[in-house]
Amino acid sequence: MGMLLSYIVFLPMLFAILMGLFRVKFPILRAGAMLSALLVFALSLYLTLHFDPAAEGMQFVRRLPWIHNYGISYYLGIDALSLVILLMTAFLMPLLYLYMWNYEKQGYWYNMLLLQTGVTGAVLSLDLILFYLFWETMLLPIFVMIGRFGHGMNRFNAMKILLMTVLGSMAMLFSILYLGYEYYEAHGAWSFALDHLATLSFDPKTSIWLAAGFLLAFAIKIPLLGFHTWMAPAYSSAPTPSVVILSAIMAKLGVYGLWRFGYGLFGPTLSYYEPTIVVLAVAGLLYYAIHAIMENNLRRMFAFSSGSHLSLIALGIVLTNLYAWSGSLYFIATHALASAGIFLMIGLLYRRTGSVHISNLGGIASVAPRFGFLFAFFALCIAGLPGTGGFVGELLIVIGAFHEGIAIGFAAATTMLAAMLFVFWMLQRTVFGPVTRHTAQFGDLTTLELLTLTPIALLLVVTGIAPSLFTPLFEPQLQQMLQTLAQTVGGAS
Amino acid sequence: MTLQTTQLLGWILLLPFTGALVLGLLHLTFPRTRRLDTFYAALGVAGPVVAAALGLKVLYAVASGADVTFRQTLFTWLSVGDLKIGLTLSADALGAVMLFIVTFVGSVIHIYAVGYMRGEKSFGKFFAYFNFFLGSMLLLVLADNPIVMFIGWELVGLASYLLIGWYYEDPANVKAANKAFILNRIGDFGFISGLGLLFALVGEGGFSFADIAAHIGSVDPAMTALVGLLLFVGAMGKSAQIPLYVWLPDAMAGPTPVSALIHAATMVTAGVYMVARFSFLYESVPDVGLFIASIGAASALLAALFACYQSDIKKILAYSTMSQLGYMFIAVGLGGYSAGIFHLFTHAFFKALLFMGAGAVIIALHHEQNIFKMGGLKEKMGLVTATMLVATLAISGIPPFAGFFSKDAILAHAFASGHTFIWAVGVATAYLTAYYMFRLFFVVFVAPPREKAEPAPLDRTVTWPLVVLAVGSAVAGFFGLPEAYGGQNWFAGFLHLPDRALHLGSGEEFLLDMLNLLVASAGIYVAYRLFARSPREAHDAAAWQTMLRHTLYVDEIYEALFVRPLRGLSRLLDRVVDNRIIDGIIGLTVGGYRVASAGFALLQNGSVRWYALYFMAGLCGLSLYILQNIGGE
């Protein structure tokens, strides 16, 4: 049991190292990658079965001293927040491999394996230095994938995402080091463990500055309005599987960070930033949606859509009540599914027509009914159709927002309008309408593609029809966290 | 009130959804085959018909027991904190009536669609959508709490979207579908905000309709009014009232059975149903009710005016639907919930019949929709003419047909409540209704034909449903026979909604009815004089007539006010805000870094003497710093 999280984190990397050492051939490489992803998925399910939602704090904790002198430890653990993201990652990875099953560029597969380790590691680390390492680890494969395998101005865009995120990371690293030093000052020994650092207390001014370092990193990753100009170029240049990771999982790590480290370390101090985040989130929700209307490039359009929904999630988190938090966590999962679905289908569109531009498309429903159906389905999921998981998250966040006040409630409810601004017009010009030159020879979904997409679609329906199956997994812990937050007056604040 | 659990409701809901699932999967598996069409038709009709039989059973059980409510909890949908939302179905009197309307009229239209859609490609998909619509509509009317109702509410919107855009090869139809969904969503923004606010106010005590009714009394009336207004915004969208109505005429792009079922008989009445369902809330805020009634009256009149100038048979009926919905909102707004639901009930029969008759004419004439290209059809299409006449008389309010009783119930209520102006608008609309409906009837069936067109023979599945609904349109009014005519208004007694008690003497009511009858006859007479013998598509004499023919250019105004500015803003955000301002600021930082590095590079000039100077300067600075610190302590 104690090793479970370590297996989940390092299996993909281990596979990558072994296969790299033996310089295996492509068929073995992809089989190995798939095997590792399936193993991780199975282990995650096993872990979920043994996860106790009622227990307080972290579970499956693994804590070993690592760099003794500086109190850096190998410290993994899981709670409801990280479990949700872990499950989404573990669920999507095998499907991504299925998507790229015939994609013969080996470097790509290695990068994906490393990426999974980076992402899950970041979600499960409880030592800040360890977290920082994983946080950077997951950026590198993305950088390489955009730069080497991407489209368009990929080099420039790869540099842009790298520089902007590294800027945020540096600020965060500074805050982390300062926290560790303060712990040393107070206790005479170094430590970077989250639970240790959370006991520190500062004067408000220092606390606000320290929180800023973290928030900058997360604001860029989410991205909040104003920190977002890397997003659309990166999404449009990145190859499909890395777009899926970017939107479905990495963007979620931004809000996860806000949640785990923002509230975990700084507790009430964050209320200093809450008004700003609320304004940026609400503005972003609409800004991105309006921006998406005139986008001709589908990847960019759904990049903005992603930004809009992540703004809503961020809003839900800073509202700090049970409904909004449950909604945000639920939406983290279901948005991951919906955006994975839509970006995979955009990838399939590109394979078929060599274009992701709306002006080239049209009439897909006539030539490829299954493709048209699923594409419209995922698009409607993005628009928050009831009966799909996305609606549940949005509903909960709206309800949570009305608990905070009427004005915030109305602002959150605009999410009902945001996505529809672009989704329906987009469907009109891609799935419906007359067939164009590019879509005349459009092939319908193959069995392999159906196998990739159907699980995502089914899970979206299940999460929409029976959310009560999933909410008990996280509701008690969210409640505890809210109680702790309410009681904290000191903490690292 | 007694509660009874039952398995029936679950089955009623499950039947159409299962049908939709099976049909949909079969269609996706064999998208192009035509061999399964007979099977599709049988399966597509079976679910609704069985559901209708079960629905009738429920209605009968509710009607024969004293104040019985049937209830069935399928499972807990969501449970977070106080928000415990069960997928609970319940049928009280109001629910049972709606259940009956939806399943009965729904089945009839499903049967009609078999003949109407025969030979269309994607026959299976059509019935999948149609069944899906029916299931969603049942979810809406049977929901025990407003959240599940909202889910049904949005799903019927989805079905409507898919079916309006049925002929999706033509972008105009898809545009119409988008318009419908988007305007409905704007309404739903109000609806969901209303629910969010309502939950914040009373959610701790549970969120089923009964729980809300029990706790609404303790809420600040201003807040209740706000909730009432927000919920009504949702109704404006769904039930096509000013200002969100512009989607309904365009929705006629869908096949005619769709217009009959979704855009006439059932879905568009959901807003009225919702207000009646929340009657416990609206009765405490009469000002909001007055607002609803005013919107209803304005919509009724405006739509009737528009209908007088249309020449597309389906658009006339679309505006007529909007106008009749306006009547229903007058009723529910002024606290006459039973009267509103009664009109909803009779309207379902005669409006579905009107659409289906129109559809029969349209396919018989090979998809001609302009009434001025039709004519003289009474010779060749006797059955259609007879049934259409019944429906036209019913909507015009001629006794003893259904519309007479229900419309007069509304107008009597409006008169008795003292809102004479709203009442007068209602009477004026009644005149216009009789006029434009008989204009349609005379031009299409009575006037001499324009072009020699031989109508194609009609399938029996198309004609028999007309007869069934004609019988309904003829007799449905007797369920609510008022006391003035020796009845007891059984319908209102059965619904027992919290109607605002108003007393109107039998004599007064009789006089009002006579006035309405006179007004309607006048409308028919004018239509007869103008259109029965030599119909002319009147040319516009005055500017206001041109305005009305173009429906006051509302579409163009909305386009200029909302659509274009949004698109312009979208471009602005991309080209200016993102590319210039934000990236500009980032660029400035990068640029600043470059300038600074260039500055530092100047210092690095390779001369050792300069380096020594830097060294000295650094050392001095450091010493100063240390000294200062010591001094400070």
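## Strand pairing in chain B

Two strands count as paired if DSSP finds at least two bridges between them. In this predicted model, strand β2 (residues 68-80) of chain B is joined to β3(B) by 8 bridges, and the two strands run antiparallel. One residue pair places this ladder: Q72(B) has L89(B) as its bridge partner in β3(B).

The pair belongs to an open sheet of 3 strands in chain B, ordered β1-β2-β3, with mixed pairing. The edges of the sheet are β1 (2-5) and β3 (83-91) of chain B; each has a single partner strand, so one side of each is left without a neighbour in the sheet. On average, neighbouring strands of the sheet are turned by 45 degrees against each other, direction ignored. Helix α2 (residues 37-64) of chain B lies across β2 and β3 of chain B, and runs at about 115 degrees to β2(B).

## Domains of chain B

The domain assignment divides chain B into domain 1 (145-549) and domain 2 (558-632). Taken over C-alpha atoms, the centres of domain 1 and domain 2 of chain B are separated by 65 Å.

## Backbone outliers in the α23-α24 loop

Two non-glycine residues of chain B with positive phi are found in one loop. T551(B) has a phi of about 45 degrees and is placed in the loop between α23 (543-549) and α24 (554-603) of chain B. L552(B), with a phi of about 60 degrees, lies in the loop between α23 and α24 of chain B as well.

Are these residues buried or exposed? The cut-off for a buried residue is 20 or more other C-beta atoms within 10 Å. T551(B) has 20 C-beta neighbours inside 10 Å and therefore counts as buried. L552(B) has 14 other C-beta atoms within 10 Å, so L552(B) is partly exposed.

## Cis peptide bonds

Cis peptide bonds that precede proline are found in chain A and in chain B. In chain A, the bond joins I222(A) and P223(A), with omega about -15 degrees. P223(A) is found in the loop between α9 (204-221) and α10 (231-237) of chain A.

In chain B, the peptide bond from I242(B) to P243(B) is cis, with omega near 0 degrees. P243(B) lies in the loop between α8 (221-238) and α9 (247-250) of chain B.

## Overall form of chain A

Chain A contains 22 helices and 2 strands. Along the principal axes, the C-alpha atoms of chain A fill a box of roughly 70 × 60 × 45 Å. A compact globule of 493 residues would have a radius of gyration near 23 Å, and the 22 Å of chain A agrees with this.

Burial and contact range add to this description. Of the 493 residues in chain A, 61% are buried. Among the contacts in chain A with a separation of 6 or more, 81% are between residues 24 or more positions apart.

## The A-B interface

How many residues of chain A are in contact with chain B? There are 46 residues of chain A in contact with 45 residues of chain B. Helix α17 (residues 389-404) of chain A supplies the largest share of the side of chain A that touches chain B, with 7 residues. By residue class, this side of chain A consists of 30 nonpolar, 14 polar and 2 charged residues.

Terms used. Residues numbered from 1 in each chain as written. Chains lettered and ligands numbered in written order. Predicted model: local features only at pLDDT ≥ 70, side-chain atom pairs only at ≥ 80, totals over all residues. Contact = placed C-beta atoms within 7 Å. Helix = DSSP H or I, 4+ residues; strand = E, 2+ residues; numbered from the N terminus. Nonpolar A, V, L, I, M, F, W, Y, C, P; charged D, E, K, R; others polar. Buried ≥ 20, exposed ≤ 12 C-beta atoms within 10 Å, placed from the backbone. Domains from an automatic or database assignment. Rg over C-alpha atoms; globule rule 2.2 N^0.38 Å. Axes fitted to C-alpha atoms, helices over the stretch in contact; angles between N-to-C directions.
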